[in-house]
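Here are some worked exercises on a protein–DNA model. Please have the sequence and the coordinates at hand, and try each task before reading its solution.

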Number of protein chains: 2
Amino acid sequence: MMQTSATAERDAPSVRQQAVLDAVLGLMVEDGEQLTMDAVARRASCSKETLYKWFGDRDGLLTATVRWQASRVHAGSDAAHVLDGATLRERLQDFAVTWLEVITGPTSVALNRIAIAHAGSRKSNLGGIVLANGRFAIGERVKPVLEAGRAAGLLAFADSEAAFRTFFGLVGRDIQIRLLLGETLDFDGAEIRRDAGRAVEQFLALYGRATTDPNHHV
Amino acid sequence: MMQTSATAERDAPSVRQQAVLDAVLGLMVEDGEQLTMDAVARRASCSKETLYKWFGDRDGLLTATVRWQASRVHAGSDAAHVLDGATLRERLQDFAVTWLEVITGPTSVALNRIAIAHAGSRKSNLGGIVLANGRFAIGERVKPVLEAGRAAGLLAFADSEAAFRTFFGLVGRDIQIRLLLGETLDFDGAEIRRDAGRAVEQFLALYGRATTDPNHHV
DNA sequence: CGCGTACCGTACGGTACGGTACGCCATTCG
DNA sequence: CGAATGGCGTACCGTACCGTACGGTACGCG
């Protein structure tokens with residue numbers, strides 16, 4: 001018995017399959033309750049049998065969807081090993097803005113809701129995937145910047161993981177849990193930038209050595 | 001047709017009803033998946049008919065359970081309007097420890113999972129109840145302390161809500177989302193106290209005016 | 001003693017949903 | 001042009017679970 005496409009395992013989804021996964025995301029965002037296989041098939045204009053052939057079962061479909069969404073977030077590889085104070089501040093600000101934009105987006109909220117609901121049971125750890133591509137992915141990207149900042153004498157900390165976690169807390173605060181619990185906070189870009197700026201300033205106040213260069217404007 | 005007990009609405013649950021709600025909590029913690037009315041009836045040694053008579057429907061039972069758990073958390077009313085640096089630090093430390101103990105507890109994790117899963121749909125906002133008794137309740141208790149600290153010249157901030165949210169972020173960081181997503185972090189009391197202490201120090205570093213009294217030991 | 005009340009245990013109906021089977025059409029390839 | 005393949009639509013099955021109905025029992029009260 002050859003599986004026509006073992007997409008459920010690891011392969012990148014085909015274009016048609018991506019359309020299906022986008023349909024799943026759409027349904028998640030609209031109403032996480034009626035995320036049924038029939039609804040997905042209807043929305044994606046495909047048959048349920050195809051869904052099962054491609055993704056195995058419902059969990060496989062959800063897992064593929066989470067992976068698909070995760071694969072979109074990755075972007076912007078990093079360079080610039082030499083840091084001055086302004087650049088460090090700028091990089092941190094970028095991370096904070098990006099992170100806030102992600103977690104306040106309806107897709108992230110819906111996806112995290114599904115993953116958290118699933119985390120109660122044991123099978124198919126969506127939570128692990130979301131964590132790996134969210135919290136941990138951003139951590140692995142921020143920590144080198146922090147360490148570069150330390151190497152440049154701009155930051156002082158012993159444990160980069162601990163430093164990142166503080167940064168994480170200063171940026172996110174109570175926003176994610178409030179959104180997940182159903183509160184409707186509306187963030188425009190200006191608000192996010194303001195929040196991110198405050199978080200970066202606070203982080204630098206806690207961990208900055210030279211209080212960043214004095215001739216820093218705006 | 002008189003309802004024998006309109007408990008579903010607002011009254012405090014009877015002792016027998018509390019036992020039922022504790023059974024629900026037990027099932028939530030053990031395995032949020034099989035939280036079925038049959039399972040609750042079996043666990044609580046009562047009939048399903050009684051469940052429906054007392055709580056109306058499944059959502060009513062869940063809502064009553066969330067309220068019941070929420071009613072337990074409230075404790076320790078506050079006094080001490082005059083603050084010195086050591087007392088302020090101690091109060092904040094207490095709040096941080098209490099909060100960390102709550103959110104890392106299995107009951108809180110299970111309850112938040114249920115509420116978040118429910119927050120996707122519209123009906124019966126468990127999320128609102130959890131927010132009101134968790135995030136917002138602790139906020140309303142911390143803010144007066146912060147304001148007293150400001151009145152005593154120990155803290156400097158414009159918006160007590162914003163100051164509290166920073167405190168919240170410094171204390172919780174990524175802990176809650178990681179737990180909700182299924183990661184198994186084990187915190188003992190020592191770890192929690194260490195974390196709380198770090199958060200308080202960082203908060204005071206950001207918002208403290210006089211760096212708290214110099215002859216503060218321990 | 002007999003009756004009502006409250007509750008337990010359980011069986012049942014209705015329904016929603018995951019998963020499967022099958023008929024049909026379109027495209028492609030020999 | 002005929003056959004095969006892939007996929008859509010749909011009907012169908014089994015099951016899980018919500019909500020209800022019903023029989024049986026213990027207890028209080030006239």
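**Exercise 1: an arginine and its neighbours**

B:R178 touches A:L131, A:R135, A:F136, A:E161, A:R165, B:E183 and B:L185, leaving aside residues up to four places away in sequence; contact here means heavy atoms within 4.5 Å. This is a predicted model, in which local features need pLDDT of at least 70, side-chain atom pairs count only at pLDDT 80 or more, and totals for chains, interfaces and linings use all residues. Residues are numbered from 1 along each chain as its sequence is written, chains are lettered from A and ligands numbered from 1 in the order in which they are written, and side-chain values use heavy atoms, with hydrogens and water left out.

Task: Find the helix that holds B:R178, and decide whether B:R178 is buried or exposed.

Solution.
- Step 1. B:R178 sits in helix α10 (residues 175–180) of chain B. Helices (H or I, at least four residues) and strands (E, at least two) are DSSP runs, numbered from the N terminus.
- Step 2. The relative accessible area of B:R178 is 8%. Buried means under 20%, exposed over 50%, and partly exposed in between, with a 1.4 Å probe and protein chains only.
- Step 3. B:R178 is therefore buried.

**Exercise 2: two helix pairs**

Task: Classify how α6(A) lies against α7(A) and how α2(B) lies against α3(B).

Solution.
- Step 1. Axes are lines fitted to C-alpha atoms, for helices over the stretch in contact, and angles run from 0 to 180 degrees between N-to-C directions. Angles under 35 degrees count as roughly parallel, over 145 as roughly antiparallel, 65 to 115 as roughly perpendicular and the rest as oblique.
- Step 2. In chain A, the axes of α6 (residues 106–119) and α7 (residues 126–133) come within 7 Å and cross at roughly 135°. So α6(A) is oblique to α7(A).
- Step 3. From α6(A), A:N112, A:I114, A:A115 and A:H118 meet A:L126, A:G127 and A:V130 of α7(A). These contact residues are four nonpolar, three polar and no charged. Ala, Val, Leu, Ile, Met, Phe, Trp, Tyr, Cys and Pro count as nonpolar, Asp, Glu, Lys and Arg as charged, and the others, Gly among them, as polar.
- Step 4. In chain B, the axes of α2 (residues 37–44) and α3 come within 9 Å and cross at roughly 105°, so α2(B) and α3(B) are roughly perpendicular.
- Step 5. B:M37, B:D38, B:V40 and B:A41 of α2(B) make this contact with B:K48, B:L51 and B:Y52 of α3(B). Five of the residues are nonpolar, none polar and two charged.

**Exercise 3: the DNA strands**

Task: Describe the protein surroundings of DNA strand C and of DNA strand D.

Solution.
- Step 1. A residue is near a strand if one of its heavy atoms lies within 4 Å of it. DNA strand C is surrounded by 17 residues, the closest being A:T36, A:K48, A:E49, A:R58 and B:T50.
- Step 2. A polar contact is a pair of N or O atoms within 3.5 Å. A side-chain N or O atom of A:K48 is 2.6 Å from a base oxygen of DNA strand C, and a polar side-chain atom of A:T36 is 2.7 Å from a phosphate oxygen.
- Step 3. α3(B) gives the most to the surface near DNA strand C, five residues.
- Step 4. Around DNA strand D there are 15 residues, with A:T50, B:T36, B:K48, B:E49 and B:R58 nearest. A polar side-chain atom of A:R16 lies 3.0 Å from a phosphate oxygen of this strand.

Terms used:
Polar contact = N/O pair within 3.5 Å; in protein donor to acceptor, adjacent residues only side chain to side chain.
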